[in-house]
Amino acid sequence: GAPDFILEVTSPATRKKDLSLKTYKYEKAGVKIYFILEPDRKRLLTYDFRNQGSLEVICWGDSHKGDKYSPVSFELEGHVFKIDMEKIIKAIDSLE
């Protein structure tokens, strides 16, 4: 069966496919949670296909430097998962 959770990191070359075709295919396959991290656009898209495909967009940028970012949390099969966005953002910013 399909995985419950997928996190993908896009590049400009794969963005169109990740945002349209893959999103559609993952939803139809039964994926429950799909995160798309776009480092060049400094945003994270979170899809929860269990909730009519709800979408949340989390952005960061120069105006937010020094701010604290809340972990992104979601529940699957009775377990709560937290992703430390501050660590991810710092790692991405260090690559620039």
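## Aromatic pairs

Scan the whole of this predicted model and seven aromatic pairs turn up. One of them brings together tyrosine 26 and tyrosine 34, which meet edge-to-face, with 4.8 Å centre to centre and 85° between the planes. How buried is tyrosine 34? Its relative accessibility is 0%, so tyrosine 34 counts as buried.

Another pair has a stacked geometry: tyrosine 47 and phenylalanine 49 sit 5.8 Å apart, centre to centre, and their planes make an angle of 15°. That angle is under 30 degrees, which is why the pair goes down as stacked. As for exposure, tyrosine 47 and phenylalanine 49 are both buried.

There is also an aromatic cluster to look at, made up of Phe5, Phe35, Phe74 and Phe81.

## The four-stranded sheet

Now for the sheet with β1 to β4. It is an open one, its four strands run in the order β1-β2-β3-β4, and the pairing is mixed. Which strands sit at the edges? Those are β1 (5–9) and β4 (54–59), each of which pairs on one side only. On average, and ignoring direction, neighbouring strands here are turned by 15° against each other.

Strand β3 (residues 43–48) and β4 run antiparallel and are joined by six bridges. Take leucine 45 as an example: its bridge partner in β4 is valine 57. Helix α1 (residues 15–29) packs on this sheet, where it touches β1, β2 (33–38) and β3. The direction of α1 makes about 180° with that of β2.

Some of the aromatics can be placed on these elements. Tyrosine 26, from the edge-to-face pair, falls within α1 (residues 15–29), while its partner tyrosine 34 belongs to β2 (33–38). Tyrosine 47 of the stacked pair lies in β3 (residues 43–48).

## The β5–β6 hairpin

Further along the chain, β5 and strand β6 (residues 79–83) pair in the antiparallel sense, with five bridges between them. Within that pairing, serine 73 stands opposite lysine 82 of β6. The two strands make a hairpin with two residues between them, and glutamate 77 in the turn has a positive phi of about 50°.

What does each face of β5 (residues 72–76) carry? Val72, Phe74 and Leu76 make up the covered face, whereas Ser73 and Glu75 are on the uncovered one. So the residue facing lysine 82 across the hairpin, serine 73, is on the uncovered side of β5, and Phe74 from the covered side is a member of the aromatic cluster with Phe5, Phe35 and Phe81.

Terms used: Residues numbered from 1 in each chain as written. Predicted model: local features only at pLDDT ≥ 70, side-chain atom pairs only at ≥ 80, totals over all residues. Heavy atoms only, no water. Phe/Tyr/Trp six-rings, centres within 6.5 Å; stacked < 30°, edge-to-face > 60°. Buried < 20%, exposed > 50% of the residue type's maximum accessible area, 1.4 Å probe, protein only. Pairing = 2+ DSSP bridges. Axes fitted to C-alpha atoms, helices over the stretch in contact; angles between N-to-C directions. Contact = heavy atoms within 4.5 Å.
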